[in-house]
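Hi,

Here's the structure I promised to pass on. Have a look when you get a minute, and my notes are underneath.

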Amino acid sequence: MLDKSKKAVLLLKDGTSFIGKGFGATGKISGEVVFSTSMVGYTESLTDTSYRGQFLALTYPLIGNYGVPSDEIDELSGGLPRYFESDHIQAQGLVIHELCLEPYHWASVRTLDKWLYDEGVPGIYGIDTRRLTKKLRTHGVMLGMLQVFDSNEEPDLETLLKECSDIVDPNQTDLVKEVSIKKLCKYNVDGKLTVVLIDCGVKFSIIRCLLKRGINVIRVPYDTSADEILSYNPDGVLVSNGPGDPKRNTKTIEAVRVLAEKIPLMGICLGTQILALAFGADTYKLKFGHRSQNQPALDLTSTRCYITIQNHNYAINMETLKQTPLEPWFINPNDKTVEGIKHKSKPVFAVQWHPEASPGPHDTDMLFDKFKKTMEAK
Amino acid sequence: MPKFDWIHKVLVLGSGAIKIGEAAEFDYSGSQCLKALHEEGIETVLINPNIATIQTDPRLSGKVYLLPVTPEFVEKVIAKERPDGILLGFGGQTALNCGIELAKTGILDRYNVKVLGTPISAIENTGDRERFRQAMLEANVPPLESMSATSVDVAMKIAEEIGYPVIVRVAYTLGGKGSGVAYNVDELKETVTRGIAQSRIHQVLIEKYVGHWKEIEYEVMRDYADNCLTVCNMENFDPMGVHTGDSIVVAPSQTMTNREYHKIRQISINAIRHLGIVGECNIQWALNTQSEECRVIEVNSRMSRSSALASKVTGYPLAYIATKLTLGYLLPELINKVTEVTTACFEPALDYITIKIPRWDLQKFKNADRHVGPQMRSVGEVMAIGRCFEEALQKAVRMLDVDKIGLVCNPEDSEPESEEHIRDELANPTDERLYKISKALRMGLSVAEIYRLSGIDPFFLNKIKNMLNMEDKLRKLNLGGSKAVEIIREAKRMGFSDEQIAVCQCTDEATIRKFRKDTKIVPSVKQIDTLAAEYPAKTNYLYMTYGGDEDDIVLSVNTSKVIVLGAGVFRIGSSVEFDWCGVNTVWALKKNGIKEAIMINYNPETVSTDYDVSDKLYFEELTNERIMDIYDKENPLGIITSVGGQIPNNLSVKLTESGAKILGTSAQDVDVAEDRSKFSALLDKLGISQPSWSKLVSIDDAKLFAEKIGFPVLVRPSYVLSGSAMRVAYDEASLENFLKLAAKVSHDHPVVISKFITGAKEVEVDGVCDGDSVLIGAIMEHVENAGVHSGDATMTIPPQALKVEVQKDIEDCTQRIVKALNIRGPYNIQYLVKDDVVNVIECNLRASRSMPFVSKTRGVNLIDQATLAMLGKKINIQLSPMTVAPHVGVKVPQFSFMRLSGADPVLGVEMLSTGEVACIGESFSDAFSKALQAAEVHIPPKDGAILISIGGGQENKKRVVPIAKAFQEMNFRIYATANTANVLNDSGVNTTILYKVKDAKINPNILDYLQEQKIDLVINVPVTNYQANYSDILTDGYIIRRQAVEFNVPVITNLQLAEALVDALKKNNLNDQSIRSLNEYMDKIPWKQW
């Protein structure tokens, strides 16, 4: 049962403080504070590796309503857990307005508080998350510190503030290395096609989407070389999502440069930025990123616009695509940023959002069908 | 794709009068639609007889036809106007049904009018049960399994296939009688055997039982290029089985996981794509509570009550965008009107929770069943916005205006009730179920047990438990103690009002208010921006919450601001007409240079809660506490309380006491008019006659007074609306009962009894005074004699049977009363006229229900004038009501008796109509006959049949003779009950006897004739002291009236109305009614000011 007397503080690097109540694990941790406007899907989001190094602030105020599902394994999906996107919570901490103490759902086995506690992740509730969001929208994402105190402890803001100035930007660390698989792993469904999945921190649903289509998956570490990948004789390569600054992944960029010339390739999120970098385009950090389930992606080759789930801090510089064989395929009609790219002559494409959904809408599930078709046509 | 270039002129069909199931939400969607069309430079033609709507203002529409929305009338308008396209999705089921008829009969093809948006075939696929099932199966969307059976064996096979439990529905019985749920074979056998025997066609329907599943809705938009998105999802607090219109609804959904949310979202889109909807629609789902299994229930292929709600929930203007899509625009080509920079092709993200609660008025209806179920019965709804469930729910309960200060802390919470009764109420919910849940929890029933009985998700039940726990804490709290600030802050976050806290602390509201202001516990202003703060909003769609510590907006100083209080929840007696007044006030304020016109209202159905109507919209409670919170933040010039009906009007005294400035007539003067006793005293002083009256001191005194003046007497409480608890007493016993009832309704205000004058004419005036000049907008004459509530009466402008001298008297009395009351703003006075003597019965110092009717018929916008007066300016038109326009306007009430099983459709002093229409014509009979049709009264055909049954003795019955004779002369067949028939036959009317319902075995019988549609009209006038016989519900008269309602045969219960109808039938050829727009009529008024 939650101890409601535990205090908690979220401190931003600029000195802005939010004092609320603590849940989950007690302790102090730093990270980058980002907000997501998703109204459902906290279990999926928290286990999404793209949130590595970040505090996830949810703008929807009532969180934890349907509890947390069990760790049960779905044998049909290659032995992956049925309900999560990775093996454990990836975010540094959770920032919400109201925590549901008495959730109710047939699939729930524990409360959100218990889950965070079990996983050693701190959370803060009872703060004005809208004020926080407006701050981040205006100033851009910010580094910060979250401390959950013991029930008899009083926050010491001054000390915290001093510590806050020394926070290391997680984007300057090898986040991908932390979340990528350490050694190769195979998921075999006896399919005709095999895909090598370069795991930069892959969401399990990407694997599920491939397996569901009867595609065998060989999941390899992010720094696997092109030669090794080609040695598995795949029908295609998928470069996954993942956390942090894409430019740090030089080995992956190098491999993709070779692979994209030779074999059908699909990129998702970070994978898209890596593909762009591989062909010499540039990426940059967005002010506060795109994190929501309602981002429009406009297809420049048709009259269609899709609703997508996005979770990215970085984007491709549209101008720099001009000097490459890649071209913009999708843009975000709101801020006109690049959301999808494709190769002018080869079966290579990538999107900045998550077609595998989970959380989020299934509007662009057909991109996996498209990928499958290009492999079959090869 | 830009819009289609061939669209120059578009016909829009409205939904007609407000009725249960079709209310003001269609004024909102229609108004947005017209706005969207005008922006494109498209000429518009609107057909809608609901004169009280904003969409029928010539300001908003191009041309307005106040005509019935029926294929006959619409064809005539099409022939005259020759539009390129027609929009069917903005006028509810009325418009949709009419559109299908127009298409089927080839009228649209003949005039080459294209249906814009969703094609007719798709509309039909959603409307027909079997076609819908097929379409869903094709799209791989799971419909509710159901098949019909005529034997137990077949039923068993079907049930086996579908899987238990199943619901057995009996075909063709009234009100679903005989239906039942079977959990196994034995139960199935029993129910089916019984059902087949009860069914007229010996058939039952075996359907998958999804009772207690969750009910979920999605609002879906789709364009011509197949772009498709869901604007909003909503979760019903009530499980399946309660009509969504009668359900408490929460948005966004609270208990659905991401997997469930997006699974249903995706198949909703699949379904809508397959159906080929273009524009907007609503799709409803049943979701299993123990798995991800779901079933589609239905699709509404048009703007609906839910879509209006979704617009207010999200800030996404669904009707506006839907209109653009029907013109050919694509979603990504359109702009989000809130941010002005992002695209409309997105799904709003909310950072607040909204709760809708319906409002019922079932207690007004004699004999009406109070259970909620598959048939919608509510007459209005409220929506509350908060940052937590508890806050939103308690706001919503207060908004209902049902004398509750929140969900908890009400005095009646502790009234004893048996556990058995509570359990029954939970299992068989009524309009009171929400309060029964908290009572059950108080009695110690567990959340699990309440869930088992009610099917309401424990998530919600636990939240209610939280509120009860907080109430306990507040009762124990020491306001001077160290925990006080923290607990009060938490209580405020959970939506407790100062009054609730005061009740717990046994102190007054002001003390609590002071305490929290001293301790800086104040609400913040938050903005609804569609993107959960991701992008800044350009609009001022606002709410207040204690779940935040920062205002979203910068509150300007030194700006001229005026707050207008909206009408709040609609109920019988307060409806769209007050929204019309509120919106027109905002517009008038803008015309008069007010920088910020601020609206406070919480009714999601309305135009006034559209954020682009006012400069700022506070979607908030109309309580003294909340208005003062806003007043403190905004510091306006003043508040207008006189244009939103009774709720704001009743607040004016308290607001004045709280230090707010009220614009217009002072609160003290309002009090003189509203307080029956003070008002009557004023009339005595002015020497204006009124029915003898007395203030109730004791029941014995009242009895003595009644003896003295003679029965019948009228019992009237003060400060009430729509004649609530107003009764005519014919003897001592009923007088005593009514006095008690009235005292209960009227609380701290006196009850007055007065002589009930029988056989008198009722007349009203609406007008405006600026302190000097008195403008009388019109004199309205009621067709029915006094005794029928003015809201239920048929009215005409100008009067048809009122002597000039009497009209002059009325003008004179009005002048004197208005001046004596120091009116600065709108007023309405009601008179009785008997033997040419004018008596005053009531005066309201606020905009009345008939304001839009008078304004549009007379071509003078009275609200414009009233706003001038309230701003301290001079009204700028002088007009005598005796100067008449060359046309006649007739207003007719709309009833919803069909929807209210058991309700007796007899008219009396308590208002029962849910809406009204008005038509304008060359003569009274021209306008009246159109208006009747517009109110869905089927006018009997020339050689039809009528049934006459008149209560009381020979004298009473004889009064119908001339009417019967007139019908006979028009070749009607006349049927009557035995005694009435005798009188008619004796008077030379050839009448056939039909036997009463209780003599069901004797032929020819009334019931058979009604069922077989052999009767076109029923005239049933009950005995005059009928009102006294409350217990005697199973009278023959009641059964005849009720059966006529069930079989959709018009019932007239008033002789004057019957006379008017006969007269109209005689004078008027139904094929020759005038087809003119309101614009044409107005243009002929020399003094027009619009």
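Below is what turned up around one helix and at the chain contact.

Bear in mind that this is a predicted model. I spent most of my time on helix 16 of chain B, residues 458-476.

Start with its partner helix 18 (residues 498-505), also in chain B: the two pack at about 55 degrees, with axes 7 Å apart. That angle makes helix 16 of chain B oblique to helix 18 of chain B. The crossing of this pair is right-handed. On the helix 16 side the contact uses B:E471, B:L474 and B:R475, and helix 18 answers with B:I501, B:C504 and B:Q505. Sorted by class, that contact has three nonpolar, one polar and two charged residues.

Helix 16 of chain B also packs against helix 15 (residues 447-454) of chain B, this time at about 130 degrees and with the axes 10 Å apart. These two are therefore oblique to each other, and they cross in a right-handed way. Here B:V447, B:I450 and B:Y451 of helix 15 meet B:P458, B:L461, B:N462 and B:K465 of helix 16. The class count is five nonpolar, one polar and one charged.

Now the chain contact: it takes 47 residues from chain B and 40 from chain A. Helix 16 of chain B turns up again, since both it and helix 9 (258-275) supply at least two residues each to the side of chain B that touches chain A. Helix 9 of chain B gives the most, with five residues. By class, that side of chain B has 23 nonpolar, 15 polar and nine charged residues.

Cheers

Methods
Residues numbered from 1 in each chain as written. Chains lettered and ligands numbered in written order. Predicted model: local features only at pLDDT ≥ 70, side-chain atom pairs only at ≥ 80, totals over all residues. Axes fitted to C-alpha atoms, helices over the stretch in contact; angles between N-to-C directions. Helix = DSSP H or I, 4+ residues; strand = E, 2+ residues; numbered from the N terminus. Parallel < 35°, antiparallel > 145°, perpendicular 65-115°, else oblique. Left-handed = near helix turned anticlockwise from the far one by under 90°. Contact = placed C-beta atoms within 7 Å. Nonpolar A, V, L, I, M, F, W, Y, C, P; charged D, E, K, R; others polar.
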